[in-house]
Amino acid sequence: MIVNTCGFIDSAVQESLDTIGEALAANGKVLVTGCLGVKKDEIIELHPNVLGVTGPHAYDEVLTQVHKHVAKPVHNPFIDLVPPQGVKLTPKHYAYLKISEGCNHRCTFCIIPSMRGDLDSRPVGDVLGEAKRLVDAGVKELLVISQDTSAYGVDVKHKTDFWDGMPVKTHMQQLCEELAKQGVWIRLHYVYPYPHVDKIIPLMAEGKILPYLDIPFQHANKRILKLMKRPGSSDRVLERIAKWREICPELVIRSTFIVGFPGETEEEFEELLVFLEEAQLDRVGCFKYSPVEGATANALPDHVPDEVMEGRLQRFMAVQAKISSDKLQARIGQEYLILIDEVNSLGAVGRSYMDAPEVDGKVYLSDDFDAKPGDQIWVQIIHADEHDVWGVRVEDEED
Ligand code: SF4
């Protein structure tokens, strides 16, 4: 068994260590890989019987270790069924497209750079090649992910690579333009609001990529953002959001925030609530500050007591629930193209351009059993709650 671990926050470390224990109890032959692998000594101390430990993105090392303990298979073209696009863990109709590893920032609450290193962008030709193979294999939605999507190519000075015989720069904008040609939904995650993000918005307005931006703002107060050492924070966030919406009125913005960061005062938290009201973001996640071993924010003074953090989290979520509910109510009567994810005993369940899988809302088509996962159907919204909507199909043909 191979246990792929996470070491991002303390609860993830504990879950990883517990899973290693479970795997050892169930099977006894266990290899450990992933982010927590950089703390090999801690793993071995707790679980001395693991066969090997490797760190993040150690694909070759993991395979070498597997072959050390299990005989290497002899390639046989008649039984080797691994398809050319590889094996992926997401459903057939959507896929994550990782464009880089690591991060050049040093946010004080985060230890990702110490585990995964500095930004390491994949060659744009490789990324586009993978996108094409996935689309050829039936993928209808590509989710672009990284630690910092806007910084794509900074480490290689945006060098020119080749794709399909044509020069393409290792840059977020050129990547988006080329991905748009694949003819599937392109959804951008982890975008920091650097100035060049403004150039991506027209691509959304023209329908080339989904009008959806996942921007982890984390806070709105200047002093807290400075203590967090956040990239791309500026005084003009609200102004820029307004400008983006002017260019692309359908734009949906998703974000995450941290409440109770060390030193956060009641006034600073209230400033965050005012920001939420003004920004009217569509999808929002919120977390209480959680100290991660090795994060420099741990050394900051005035940690906020847990009950205060909990109170702030509840107040934050109440404000956002009202915003989200009002926004979804306004969708009633409108028609959207829905990508079906599953069909269960109650009907079909899918998502519109406004919803990323796993993290956002869903569109329920009650009693609709004709759809199949991966179908794209026009649906009219008839009902909404705080996070999800219900709809009925308006035409039978797939779009
Ligand atoms: S941008 Fe900040 S939070 Fe995100 S991975 Fe880099 S250091 Fe961590």
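**Close-up A. The second largest cavity of the predicted model, with a volume of about 40 Å³.** The residues that line this second largest cavity are Val252, Asp282, Arg283, Ser324, Lys327, Leu328, Arg331 and Met354. Helix H11, which spans residues 306-329, makes the greatest contribution to the lining of the second largest cavity, giving three residues. Sorted by class, the lining of the second largest cavity consists of four charged, three nonpolar and one polar residue.

**Close-up B. The largest cavity, whose volume is about 50 Å³.** When the whole structure is searched, two cavities of 30 Å³ or more are found. Around the largest cavity the lining is formed by Arg283, Leu328, Arg331, Tyr336, Ile338, Ser352, Met354, Asp355, Val363, Ile381 and Val389. This lining of the largest cavity divides by class into seven nonpolar residues, three charged residues and one polar residue. Arg283, Leu328, Arg331 and Met354 appear in the lining of the largest cavity and also in that of the second largest cavity.

**Close-up C. A barrel closed by five strands in the order S14-S15-S16-S18-S17.** The pairing within this barrel is mixed, and neighbouring strands of the sheet are turned against each other by 50° on average, with direction ignored. One of the pairings joins strand S15, residues 347-351, to strand S16, residues 363-366, in the antiparallel sense and over four bridges. Within this pairing, alanine 348 has leucine 365 of S16 as its bridge partner. Val363, which falls within the span of S16 given here, is also one of the residues lining the largest cavity.

**Close-up D. The second largest pocket, which holds about 470 Å³ of space.** The lining of this pocket is made up of 22 residues, and those closest to its centre are Trp185, Gly207, Leu210, Leu337 and Tyr353. Four elements give two or more residues to the lining, namely strand S10 (185-188), helix H7 (201-205), strand S14 (335-344) and strand S17 (376-384). Of these, S14 provides the largest share of the lining of the second largest pocket, with three residues, and both S14 and S17 belong to the barrel of Close-up C. By class, the lining of the second largest pocket comprises 13 nonpolar, five charged and four polar residues.

**Close-up E. Strand S2, residues 31-34, with both of its faces covered.** On one side of S2 lie Leu31 and Thr33, on the other lie Val32 and Gly34, and all of these residues are buried. Strand S1, residues 2-5, runs parallel to S2 and is joined to S2 by four bridges, with valine 3 having valine 32 of S2 as its bridge partner. S2 also pairs with strand S3, residues 52-53, again in the parallel sense but over two bridges, and here the bridge partner of leucine 31 is glycine 52 of S3.

**Close-up F. The crossovers that connect S1, S2 and S3 by way of helices H1 and H2.** S1, helix H1 (residues 10-26) and S2 together make a β-α-β unit that is right-handed. From S2 the chain crosses through helix H2, residues 40-46, to S3, and this β-α-β crossover is likewise right-handed.

Notes:
Residues numbered from 1 in each chain as written. Predicted model: local features only at pLDDT ≥ 70, side-chain atom pairs only at ≥ 80, totals over all residues. Heavy atoms only, no water. Pairing = 2+ DSSP bridges. Axes fitted to C-alpha atoms, helices over the stretch in contact; angles between N-to-C directions. Buried < 20%, exposed > 50% of the residue type's maximum accessible area, 1.4 Å probe, protein only. Right-handed = clockwise from strand over helix to strand, strands pointing away. 1 Å grid on protein atoms, 1.4 Å probe; cavity = no way out; pocket = protein on both sides within 12 Å on 5 of 7 lines; lining within 4 Å. Points joined across faces, edges and corners; volume = space filled by probe spheres on them. Nonpolar A, V, L, I, M, F, W, Y, C, P; charged D, E, K, R; others polar.
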